[in-house]
Amino acid sequence: MLDVHGTIPAYASGVLFRTGLGPRVINTDNGGTFQTNHWFDSFAQVHRFQIEAVRGQPAKVTYNSRLVSDGLIEKVKKDGKLNGFTFAAKYDPCMSFFQKLQSVFRPSALEPTPAPNEVSVCVTISANFPGLARDGTPGGPHRKTGVTTIANKTDASILQMLDPESLEPIGLARQTNLHPALKGRASATHAKSDPVTGDVYNYNLDFGRKGTYRVFKVSAETGKTSVLATVSYAPAYLHSLFITENYVVLCIWNSSYVAGGAKVLLDQNLLDSIYYDDKRPAMWYVIDKKPTEEGGKGLVAQYESEPFFCFHTINAFESHNSGDGDVDILADLVAYDSTDVLHRFYFENLLSDSPAAKAWSDPENVAARGSMRRFMLPKINRDPSQRPLKATTCSVGKKDAAPELPTLNPSKVTRKHRYVYGTVDTGKSTLADGLIKHDIELGTSQTWSKHGHTVGEAIFVADPDSDLEDGGILLSVVLDGIEGRSYLLVLSARTMEEIGRADVPGIVGHGFHGLHARSGVDVEGTNALNM
Ligand SMILES: [Fe+2]
């Protein structure tokens, strides 16, 4: 039970899951140490805050966490090294990249299946992922209310299934469990969930010189998976995609994988195989959300835009900006002018006492800072076999006010939104130093920050009694770097002022994303949980 200060509203009752990162240094049985060197490669740990709040009474918050990669850690202790996929490890030089790539992107029939706790997967969490049973075998549909299953996800096509309460790893699923065609090894960690139907959309990338992106839908009602369209284009590192009311939008931005692998053979890590390819446009593919067997049209339009790199899409919605009754799509994301930001997350660039960190935290160094960008894809009902249309850049936000790890009121997913919440990096620390609320309509921002405190993703929980888009709270796990302790911060989403907090008696390893599942609520329909 955590010490709670201030107020946590009754509608926050439920569970907040957070992905986090555990140890990065392992003492091995041979007397040595194994150390990861990139933030994305720390061993996976998942955190769970259970909130019980009743109007007029003090809230109770209980906390548990689990190292969900403990089996992998045991193997590292025994072997003295890590075999398998990492984001940026400096690899054992006797293992060629192609061997590694083969294990990551081309599963072989002879490849041993790891135990559920022998993987390190920890970027996003999905509740009640359709098409998969509790242990990751094909199954579903799920009960509408309550969290029945938890899937822990990353940018590969593997899902680690966890017990929703103990967080014990209980199964692994590949996307081939959803559909046999989804045999590629890459996917977006941010699958998109329709806020009305709960259907989940994502892509599966079959790696190779000419990549094959299979964009698919998993029906929440039936658990059935349909491939909506297949796009052939050079493989790129894509962490997220968009959905609108009627379309899936896959943008292949400019974080391309090196073709041929010559540089990769030298560098021996996956991160160094990603390069910023600004010699080509960013490509946008608009795909009908309805499966072709149900009358869907597959790929309906394609566009090209200025090059950029992105981790996180924010939201997309259909509009009628062009006039003539044509439908346009407006798409918001956080864009970067290079892939430098990926290199920023090496530990030597993040630790505040590291000499390398200074250059990255310098506010004048904008190379690794993103900005919010809005693109318009005009007149989507065109023949997709024609030359790609031009996507236009409608607006570009300020570099010191980009809402990273962006969130919004889940009811606004696929609809026109006004407010975006996120973490902000103004150069006061080596990582996110504040939370921001950006008002798109007024072009203004409000921030929350505290000296020496590093913030995590701000998850919006809507007040069911409010009609306002910003009627609700934000939940963020914050590290008090001065006291060396973390706490669950509760902010008013309207004012961005603290209204409550729950102190954790220790550090919650800084991770990426999470989800809040409200007690007794239709999980698929109202919370857009499969983010
Ligand atoms: Fe992410």
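**Exercise 1.** Work out what share of the 531 residues in the chain is buried, and describe the fold around that figure.

*Solution.* Start with burial: in this predicted model, 59% of the chain's 531 residues are buried. Next, look at the surface. About 21000 Å² is exposed, and carbon and sulfur atoms supply 50% of that area. Then go through the secondary structure, which gives you seven helices and 36 strands. Finally, check the contacts: of those with a separation of 6 or more, 62% are between residues 24 or more positions apart.

**Exercise 2.** Find the residues that coordinate the iron ion and decide how to class the geometry of its site.

*Solution.* First list the donors. They are the NE2 atoms of His190, His239, His312 and His513, sitting at 2.1 to 2.2 Å from the iron ion. Now the angles: among the four donor atoms they run from 90 to 153°. To pass as tetrahedral, all angles would have to lie between 85 and 135 degrees, and for square planar, opposite donors would have to be over 155 degrees apart. The site therefore goes down as irregular.

**Exercise 3.** Trace the iron donors along the sequence, and say whether His190 and His513 are buried or exposed.

*Solution.* Begin with the spacing, which reads H-x48-H-x72-H-x200-H. Histidine 190 lies in the loop between β11 (186-187) and β12 (192-193), while histidine 513 is in the loop between β35 (498-503) and β36 (514-518). The two are 323 residues apart, so this pair links distant parts of the chain. For the last step, use the cut-off: buried means under 20% relative accessible area. Histidine 190 comes in at 7%, so it counts as buried. Histidine 513 has 3%, so it is buried too.

Methods:
Residues are numbered from 1 along each chain as its sequence is written. This is a predicted model: local features need pLDDT of at least 70, side-chain atom pairs count only at pLDDT 80 or more; totals for chains, interfaces and linings use all residues. Side-chain values use heavy atoms; hydrogens and water are left out. Donors are N, O and S atoms within 2.8 Å of the metal (3.2 Å for Na, K and Ca); water is not among the atoms, so sites may look incomplete. Four donors count as tetrahedral if all angles lie between 85 and 135 degrees; four count as square planar and six as octahedral if opposite donors are over 155 degrees apart and all others between 65 and 115; anything else is irregular. Helices (H or I, at least four residues) and strands (E, at least two) are DSSP runs, numbered from the N terminus. Buried means under 20% relative accessible area, exposed over 50%, partly exposed in between (1.4 Å probe, protein chains only). Contact means heavy atoms within 4.5 Å. Accessible areas come from the Shrake-Rupley method with a 1.4 Å probe; for residues, only the protein chains shown count as cover.
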